[in-house]
Amino acid sequence: MSAPATDTVSGGNLKGALLLMLAGAVFTGEVMLVRLAGETAATAQIVFFRALAQLLLGTAMVVASRGAFATHRPFLQVTRGLTSLGVWYLYYVSFLLLDLALASTLTFSTSLFVTLLAARVLGERIGMARWAATLIGFAGVVIASGASSSSVEPGVLVGIASAALAAVLVLLNRILVRTEKTPTIMFYIGVVTTLGTLPVAWANWQPLSGEVFTLLTCAGLVGASGMWLTIEAYRAGEVSALAPFPYLRLVFAVAAGYAVFAEVPSANTLAGMAVIVATTIYVARSERRRGLAAPHR
């Protein structure tokens with residue numbers, strides 16, 4: 001006798017939630033490794049190891065799914081890969097400059113930028129409720145960063161730039177998924193980012209100790225694994241039901257920042273974090289009902 005449909009959906013949502021919780025811990029582990037390795041390694045080296053891990057993951061996904069390495073949209077694949085390269089570079093720099101809690105909080109403003117771009121670029125109709133949530137969310141970014149009219153921390157600008165560029169990835173995903181399978185997209189991200197970062201990494205290569213080499217290798221593999229976990233989570237569960245769970249990463253970031261780096265989040269960061277989480281959950285649920293592809297990194 002087959003299980004009721006409601007039980008199947010509930011089980012899928014539970015599996016998806018658990019996978020997203022694990023992905024949050026994994027992504028936190030990735031930036032911790034990057035922070036430790038970044039004391040001696042060049043940023044280009046960090047991105048290169050992440051790109052190489054992406055290439056391995058994408059290749060494995062294509063082979064496992066018996067998919068195609070050929071693409072119908074080569075120009076868009078290259079554009080998507082180069083945009084990923086920019087996002088990764090800015091993303092890692094923000095975590096090298098900022099506390100884990102604040103840098104993690106800024107990454108979640110991507111959904112807010114998606115709303116702006118969807119209206120301007122895709123011509124989507126944005127209701128007043130979503131516009132209001134987006135504006136409130138950006139107010140949360142200002143609160144979390146502690147920005148004032150006289151000064152803005154450079155790391156905050158880098159983190160916001162990373163989130164804004166990640167929103168471009170979301171729009172590229174929307175276009176690519178119409179004709180391309182996820183494994184093919186993942187493979188070309190790896191190809192383009194590896195080839196794109198290799199010359200820069202080679203020119204800026206720093207001698208690496210065995211310990212730092214291990215940290216970079218683990219960071220790349222862990223980051224790629226986090227992306228895979230996220231993909232599998234949304235394959236298992238309903239995106240609307242899973243919308244709150246990625247924000248557990250903020251809890252992991254606060255705990256890891258305190259335990260490993262003795263970082264205590266400021267009151268501004270915590271208040272802004274609450275505002276951003278509340279508004280982006282609303283915006284993300286609305287966006288994903290429109291067919292948003294996850295993940296965007």
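This tour visits the salt bridges of the model and one buried arginine without such a partner.

The model is predicted, so local features need pLDDT of at least 70 and side-chain atom pairs count only at pLDDT 80 or more, while totals for chains, interfaces and linings use all residues. Residues are numbered from 1 along each chain as its sequence is written, and side-chain values use heavy atoms, with hydrogens and water left out.

Two salt bridges turn up in a search of the whole structure (a side-chain nitrogen of Lys or Arg within 4 Å of a carboxyl oxygen of Asp or Glu).

Select glutamate 30 and arginine 50. Their side chains form a salt bridge, 3.9 Å from N to O. Glutamate 30 sits in helix H1 (residues 5–37) and arginine 50 in helix H2 (residues 43–64), 20 residues apart (helices are DSSP runs of H or I, at least four residues, numbered from the N terminus). Glutamate 30 is buried at 0% relative accessible area, and arginine 50 is buried at 1% (buried means under 20% relative accessible area, with a 1.4 Å probe and protein chains only).

Next, select arginine 35 and glutamate 263. The closest N and O atoms of this salt bridge are 2.8 Å apart. Arginine 35 lies in helix H1 and glutamate 263 in the loop between helix H11 (248–261) and helix H12 (267–288), so the pair ties together parts 228 residues apart in sequence. Arginine 35 is buried at 12%, and glutamate 263 at 11%.

Finally, select arginine 80, in helix H3 (residues 74–97). Arginine 80 is buried but has no salt bridge: glutamate 180, the nearest side chain of opposite charge, is 11 Å away (Lys and Arg count as positive, Asp and Glu as negative; His and the chain ends are not counted). Add asparagine 173: its side chain makes a polar contact of 3.1 Å with that of arginine 80 (a pair of N or O atoms within 3.5 Å; within protein, one must be able to donate a hydrogen and the other to accept it, and residues adjacent in sequence count only if both atoms are side-chain atoms).

How values were computed: Helix = DSSP H or I, 4+ residues; strand = E, 2+ residues; numbered from the N terminus. Buried < 20%, exposed > 50% of the residue type's maximum accessible area, 1.4 Å probe, protein only.
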